[in-house]
Amino acid sequence: MADCNGACSSCSAAGSCSSEKKDLHEKLCAGSSVKKVIGVVSGKGGVGKSLVTNLLACKVSRDGYRTAILDADITGPSIPTAFGLTQEKVQSGVMTCPDGSQKDFIYPVKSEKGVQIMSMNFLLPNETDPVIWRGPVISGAVRQFWTDVLWEDVDFMFVDCPPGTGDVPLTVFQSIPVDGIIVVSSPQQLVRVIVEKAVNMANMMNVPVLGLIENMSYVRCPDCSKEIRIFGDSNIDGIAKDFGLEVLARIPIERNMSIAVDNGEIESLDDDYVDSAAAKIEAMIKKV
């Protein structure tokens, strides 16, 4: 159908549509290999999806897996800053396809510890240049980050999605074979709306939800080590139970973490906040 969104289970034509059961995903650049794709999403902005993406990628990389980040937040990319890659630009190449034709491709930028990263900031003359594009052009850029980048033997790719359920998250779910998503939330009462929007979209697109991560859960007093819940008591456990999900991590507001991100030293952090989330993700490869 002309307006097919790839979510066959929720379509009125399920069972009779000619597109059903066909692979609607975009194909990787020739020579690329990505085994598992994990989306990091939220129903609203400002909850720390990029931080969670960074922490998960660094942890999985430290555990010995080849890791990549596709920064799908085209108009507000922040991944390069956290990795200290603010001056980096992508390099391009040309490959000869089996049919004899030639195709341009670009290499992702590699971090100090080898994480492969593709972000809009690597394509801009200056990192502060705004990307003033409409939705279809932004969605096209996300698809090209998948189809035109030479991803080299990646075990886990993390996709940092912009907030909400609009063009870009929809493009990610439709164009990229996402194996599961992590939903990021914060402790405010709005959290139920945040989680429900993201989970409902994932269900409509037939993408498994691996679990929830709560960011900004608390601040630990530097003198007495007491946990201070700035946003009040969290109800994330109850929400997770309602949706049949697992709370994979609770990340505090921490000065050292903020400094590491600002200084481009996210890979130097060696905390245990996302260990359980990383373990669940890594289990996907072990099952295979």
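Reply: Before we start, a salt bridge here is a side-chain nitrogen of Lys or Arg within 4 Å of a carboxyl oxygen of Asp or Glu, and this is a predicted model.

Me: OK, which residues are linked in a network of salt bridges?

Reply: The network is made up of Lys 35, Arg 66, Asp 153 and Asp 155, which are linked to one another by salt bridges.

Me: And how many salt bridges does a search of the whole structure find?

Reply: The search finds 13 salt bridges. One of them joins Lys 36 to Asp 179, with the closest N and O atoms 3.9 Å apart, and this pair links distant parts of the chain, since Lys 36 sits in strand β1 and Asp 179 in the loop between α4 and β8 (180-185), 143 residues apart.

Me: Lys 36 and Asp 179, are those buried or partly exposed?

Reply: Lys 36 counts as buried because its relative accessibility is 16%, whereas Asp 179, at 25%, counts as partly exposed.

Me: What does Asp 237 form a salt bridge with?

Reply: Asp 237 forms a salt bridge with Arg 250, and the closest N and O atoms of that pair are 2.6 Å apart. Here Asp 237 belongs to helix α6 and Arg 250 to strand β12 (residues 247-251), with their positions 13 residues apart in the chain. Asp 237 is partly exposed, with a relative accessible area of 48%, and Arg 250 is partly exposed as well, with 31%.

Me: Which side chain meets Lys 280 in a salt bridge?

Reply: That is Glu 246, at 3.4 Å from N to O. Lys 280 lies in helix α8 (residues 275-287) and Glu 246 in the loop between α6 and β12, so this pair ties together parts that are 34 residues apart in sequence.

Me: Switching to aromatics, how many aromatic pairs does the structure hold?

Reply: The structure holds two aromatic pairs. Tyr 65 and Phe 156 form an edge-to-face pair, 5.3 Å centre to centre and with 75° between the planes. The partners come from distant parts of the chain, 91 residues apart, with Tyr 65 in the loop between α1 (49-62) and β2 (67-71) and Phe 156 in strand β7 (residues 154-160). Both Tyr 65 and Phe 156 are buried.

Me: And why is the pair of Phe 105 and Tyr 107 edge-to-face?

Reply: The planes of those two rings stand at 80°, with the centres 5.0 Å apart, so the pair of Phe 105 and Tyr 107 is edge-to-face; the cut-off for that class is an angle over 60 degrees. Phe 105 counts as buried at 7% relative accessibility, whereas Tyr 107 counts as partly exposed at 33%.

Me: Any greasy surface, then: which residues form a nonpolar patch?

Reply: Ile 228, Ile 230, Phe 231 and Ile 253 form a nonpolar patch on the surface, and together they have about 340 Å² of accessible area. Phe 231 is in the loop between β11 (227-228) and α6 (236-243), and its relative accessibility of 35% makes it partly exposed.

Me: Inside now. How much space lies in the largest cavity, and what lines it?

Reply: About 40 Å³ of space lies in the largest cavity. Its lining includes Val 41, Ser 42, Phe 173 and Met 201, and the helices α4 (167-175) and α5 (191-204) each supply at least two residues of that lining.

Me: Last one, where does Met 216 lie, and what is its phi near?

Reply: Met 216 lies in the loop between β9 (209-215) and β10 (219-220), and its phi is near 60°, a positive value in a residue other than glycine. Most residues other than glycine have a negative phi.

Methods. Residues are numbered from 1 along each chain as its sequence is written. This is a predicted model: local features need pLDDT of at least 70, side-chain atom pairs count only at pLDDT 80 or more; totals for chains, interfaces and linings use all residues. Side-chain values use heavy atoms; hydrogens and water are left out. Patches are made of residues with over 30% relative accessible area and no salt bridge: like charges are joined within 9 Å, nonpolar side chains (Val, Leu, Ile, Met, Phe, Trp, Tyr) within 5 Å. Accessible areas come from the Shrake-Rupley method with a 1.4 Å probe; for residues, only the protein chains shown count as cover. Helices (H or I, at least four residues) and strands (E, at least two) are DSSP runs, numbered from the N terminus. Buried means under 20% relative accessible area, exposed over 50%, partly exposed in between (1.4 Å probe, protein chains only). Rings of Phe, Tyr and Trp (its six-membered ring) pair if their centres lie within 6.5 Å; planes under 30 degrees apart count as stacked, over 60 as edge-to-face and the rest as tilted. On a 1 Å grid over the protein atoms alone, a cavity is a set of points where a 1.4 Å probe fits but cannot get out, and a pocket is an open set with protein on both sides within 12 Å along at least five of seven lines; lining residues have an atom within 4 Å of a point. Grid points are joined across faces, edges and corners, and a volume is the space filled by probe spheres set on the points.
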